[in-house]
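I opened the notebook to work through one protein chain residue by residue and then as a whole. The entries below follow the order in which I looked things up.

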Amino acid sequence: MALQDIRIVLVNTSHSGNIGSVARAMKTMGFSQLYLVDPACEVDSHASALAAGATDVLGNAVTVGKLEDAIADCSLVIGTSARSRTLSWPMVDPRECAQKLVAESASGPVALVFGRENSGLTNEELQLCNYHVCIPANPDYSSLNLAMAVQTLTYETRMTFLDTQDVQPEEDDTKYPTSEQMELFYEHLESTLNETGFIVKQHPGMVMTKLKRLFNRARPEDQELNILRGILSSVNKSTKQNHKD
């Protein structure tokens, strides 16, 4: 079932009751994979009480120290963002978000990431996501609590999933790199650009941030990423040879 490969990731949640309410919202929509990134509270009796009949989701929740660990094996990561950032990122609305999650979860794990109750996700965390999703709430009063946001997006995703059950999907054998593979590529790219002098270590500016946005928007396939890594390795080899000469 595709919904089982869609994980809900909560980052640095402050209140245990919110975790319990999220578990309840998830289970009502058929989701079960909950990841907690560096929670600022314990999953306690208050969480269990608000989870109601979803204590199994709480009991199976995976706790990790950083967002990278929660999404390492995911080929698609969508982060929730309530406001525009200095550097814009590819945006989707809730229905587009649902379509992308359902389509790609058929071939492996994907993640929908929610930030802190008071401040959301940091810019660094949002840069780990392929897309950002914003719920188009009333601009005069757009205050959604964490469980409401999870309920809204999981509802949209469930409806999209149910719609696909009556439609024979077209076969698509496209393979995308995982979040971990993309991070290794970015490390390789940055070290190469430092090596060639394109990035000045003392004044790196926004080069890597803009390049991450470019490649996240382009979403290279596995084979394309292998080509890019091969190009970087070729540059590394040439640079080392020049240093010897």
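**Entry 1: E156.** I began with E156, which touches P94, R95 and A98 when residues up to four places away in sequence are not counted, a contact being heavy atoms within 4.5 Å. E156 lies in helix α7, where helices (H or I, at least four residues) and strands (E, at least two) are DSSP runs numbered from the N terminus. At 15% relative accessibility I entered E156 as buried; buried means under 20% relative accessible area, exposed over 50%, and partly exposed in between, with a 1.4 Å probe and protein chains only.

**Entry 2: what I am working with.** I noted that this is a predicted model, in which local features need pLDDT of at least 70 and side-chain atom pairs count only at pLDDT 80 or more, while totals for chains, interfaces and linings use all residues. Residues are numbered from 1 along each chain as its sequence is written, and side-chain values use heavy atoms, with hydrogens and water left out.

**Entry 3: H188.** Which residues does H188 touch, not counting those up to four places away in sequence? I found R229, L232, S233 and N236. H188 has its place in helix α8 and counts as buried, at 12% relative accessibility. For the pair H188 and S233, I wrote down a C-alpha to C-alpha distance of 8.7 Å across 45 residues of sequence.

**Entry 4: G30.** I placed G30 in the loop between α1 (16-28) and β2 (34-37), and with 22% relative accessibility G30 counts as partly exposed. Leaving out residues up to four places away in sequence, G30 touches L3, Q4 and R158. I also looked up D5, which is 25 residues from G30 along the chain, and found their C-alpha atoms separated by 11 Å.

**Entry 5: T178 and the cysteines.** T178 sits in the loop between α7 (146-164) and α8 (179-196), and its 19% relative accessibility makes it count as buried. Apart from its neighbours within four places in sequence, T178 is in contact with A72, D73, C74 and S75. That list led me to C74, which is buried with a relative accessible area of 1%.

How many disulfides does the structure hold? I counted 0 disulfides, taking a disulfide as a pair of cysteine sulfur atoms within 2.5 Å. As a reminder to myself, a disulfide is a covalent bond between the sulfur atoms of two cysteines. Why is C74 not bonded to C129? The closest cysteine sulfur to that of C74 is in C129, and at 10 Å it is too far for a bond. I entered C129 likewise as being in no disulfide, and as buried, at 0% relative accessibility.

**Entry 6: positive phi values.** Most residues other than glycine have a negative phi, and I therefore kept a separate note of the exceptions I looked up. A52 has a phi near 55°, a positive value in a residue other than glycine. A52 is in the loop between α2 (45-51) and α3 (55-59) and, at 40% relative accessibility, counts as partly exposed. R219 has a positive phi of about 50° although it is not a glycine. I located R219 in the loop between α9 (207-218) and α10 (222-244). Is R219 buried or exposed? R219 is buried, with a relative accessible area of 10%.

**Entry 7: the whole chain.** Stepping back, I recorded 10 helices and 7 strands in the protein chain. Its radius of gyration is 20 Å, close to the 18 Å that the globule rule gives for 245 residues, so the chain is as compact as a globular protein of that length; the radius is taken over C-alpha atoms, and the rule is 2.2 Å times the number of residues to the power 0.38. Along its principal axes the C-alpha trace spans about 70 × 45 × 35 Å.

Buried residues make up 44% of the 245 residues. Among contacts with a separation of 6 or more, 85% are between residues 24 or more positions apart. The accessible surface comes to about 13,400 Å², with 49% of it belonging to carbon and sulfur atoms, by the Shrake-Rupley method with a 1.4 Å probe, where for residues only the protein chains shown count as cover.
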